[in-house]
Amino acid sequence: TWSHVPAGPPDPILGVTEAFLRDKDSRKINLGVGAYRDENGKPYVLTSVQKAEELLTAEKLDKEYLPIAGLPSFTKAAAKLAYGAEQKHVQEGAVAVVQSISGTGALRIGGAFLARFYPHSKTIYLPVPSWGNHTPIFRDSGLEVKGYRYFDKGTVGLDFAGMKEDLKNMPEKSIVLLHACAHNPTGVDPTPEQWIEISDIIREKGHFPFFDMAYQGFASGSTVRDAFAVRHFVAAGHEIALSQSFAKNMGLYGERVGAFSVIAEDPEQKARIESQLKIVIRPMYSNPPLHGARIAGTILNRPELYTEWEQEVKGMADRIISMRERLYDNLVRLQTPGEWGHIKRQIGMFSFTGLTQPQTKALAEKAHIYMTADGRISMAGLNNGNIDYFSESVSKAVKG
Ligand code: PMP
């Protein structure tokens with residue numbers, strides 16, 4: 001029956017971890033995986049998460065099904081976190097919001113909703129490059145996927161002129177995917193002034209902005225600063241769609257906690273949109289998982305846990321920022337050929353180092369250091385114990 005089924009290619013990022021696990025050298029470092037590691041290179045469970053779980057255990061809650069749209073106390077709080085508690089649509093009950101299976105699930109629900117109901121286009125434009133899973137998610141949702149210029153290899157920064165030109169040249173009312181902060185894989189974000197220009201162009205062209213916000217708080221250390229683009233667009237009158245993930249900022253990776261929302265004109269329209277989102281969700285997985293949404297909801301709704309969580313997110317962001325500084329200083333001190341300022345300018349979990357494919361290959365083979373072939377490293381994999389070895393190895397690889 002299945003003799004015609006070809007073997008599919010392995011996932012490029014998970015393949016990096018497999019190679020790392022096979023390596024027996026004690027100096028080995030895995031910078032492929034996009035998950036936070038603490039100062040000792042270990043996975044990190046936030047104290048606020050542990051406390052929320054203790055509260056939940058003490059409550060001896062049942063395990064009944066959630067509604068199709070998820071846990072209301074969580075989804076309401078998620079919308080407030082993204083848009084701001086005082087925001088007009090949040091206040092008036094005009095944000096359609098459903099719980100999702102983390103960010104991936106939110107993007108998939110959003111893709112399916114747009115494919116079914118967005119009246120003007122069936123094409124979504126992604127930045128080039130974008131997170132590797134975006135293309136298959138939107139293709140499988142029923143959208144056609146195209147790209148707009150984003151990253152400039154020459155400056156290892158934003159190709160702002162190219163991006164603006166592409167936004168102006170795509171057909172009117174196109175769907176445009178934007179990374180809200182901490183662009184993956186490049187770590188390159190527009191400045192606030194550039195976001196304002198992007199918002200203006202998108203309004204002039206009537207495009208529909210779909211934000212992917214997988215790192216709120218994790219990028220700068222401030223949930224408010226990281227929400228700048230989303231909040232500016234909404235304040236400027238855009239009706240946006242938004243995917244939120246709590247994988248990184250709450251360290252809830254495997255709990256799969258996220259939300260998908262759409263800004264509606266009024267509560268009546270919001271109710272119609274939510275009714276259709278439920279029709280998208282019901283045949284996919286019926287209703288979302290309970291535990292992670294309870295954890296995130298507890299943190300977001302209890303002021304003392306919320307404050308503690310904000311400090312912990314800032315702690316993770318600050319540790320990453322300090323590793324960027326250490327890496328930059330080391331590379332300069334070791335007189336590594338090239339300009340390395342982008343390491344400090346980039347934001348969030350990842351850095352596009354600019355290392356070439358032969359250099360990344362040499363790092364794996366000679367130094368037992370693993371990263372994706374495009375030279376992307378997860379900054380969270382670096383710590384005081386391995387940063388010097390990493391810097392020296394990179395410096396050697398670049399010198400050839
Ligand atoms: N979008 C972006 C840009 C991401 O980097 C990620 C995580 N790697 C996600 C969405 C979704 O991840 P998750 O499904 O684990 O929330």
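Overall fold, central sheet and ligand shell

The protein has a radius of gyration of 21 Å, in agreement with the value near 21 Å that a compact globule of 400 residues would have. The model is a predicted one. Its C-alpha trace spans about 65 × 55 × 55 Å along the principal axes, and buried residues account for 47% of the 400 residues. Of the contacts between residues at least 6 apart in sequence, 76% join residues at least 24 apart. The secondary structure consists of 16 helices and 13 strands.

Seven strands make up an open sheet of mixed pairing, arranged in the order S2-S10-S9-S8-S7-S3-S4. The edges are held by strand S2 (95-101) and strand S4 (144-149); each has a single partner strand, so one side of each is left without a neighbour in the sheet. From one strand to the next, the twist averages 25 degrees. At the S2 edge, pairing with strand S10 (residues 257-263) is antiparallel and extends over 7 bridges. Within this pair, glutamine 99 lies opposite alanine 259 in S10. Helix H3 (residues 72-83) packs on the sheet, where it touches S2, strand S8 (208-213), strand S9 (241-245) and S10. The direction of H3 makes about 110 degrees with that of S2.

The ligand is surrounded by Gly34, Ser102, Gly103, Thr104, Trp131, His179, Asn184, Asp212, Ala214, Ser245, Ala247 and Gly258. By class, this shell comprises 3 nonpolar, 8 polar and 1 charged residues. Helix H5 (residues 102-117) gives the most to the shell, with 3 residues.

How values were computed
Residues are numbered from 1 along each chain as its sequence is written. This is a predicted model: local features need pLDDT of at least 70, side-chain atom pairs count only at pLDDT 80 or more; totals for chains, interfaces and linings use all residues. Two strands pair if DSSP finds at least two bridges between them. Helices (H or I, at least four residues) and strands (E, at least two) are DSSP runs, numbered from the N terminus. Axes are lines fitted to C-alpha atoms, for helices over the stretch in contact, and angles run from 0 to 180 degrees between N-to-C directions. Two residues are in contact if their C-beta atoms, placed from the backbone, lie within 7 Å. A residue is near a molecule or strand if its C-beta atom, placed from the backbone, lies within 6 Å of it. Ala, Val, Leu, Ile, Met, Phe, Trp, Tyr, Cys and Pro count as nonpolar, Asp, Glu, Lys and Arg as charged, and the others, Gly among them, as polar. The radius of gyration is taken over C-alpha atoms; the globule rule is 2.2 Å times the number of residues to the power 0.38. A residue is buried if 20 or more other C-beta atoms lie within 10 Å of its own, exposed if 12 or fewer, and partly exposed in between; C-beta atoms are placed from the backbone.
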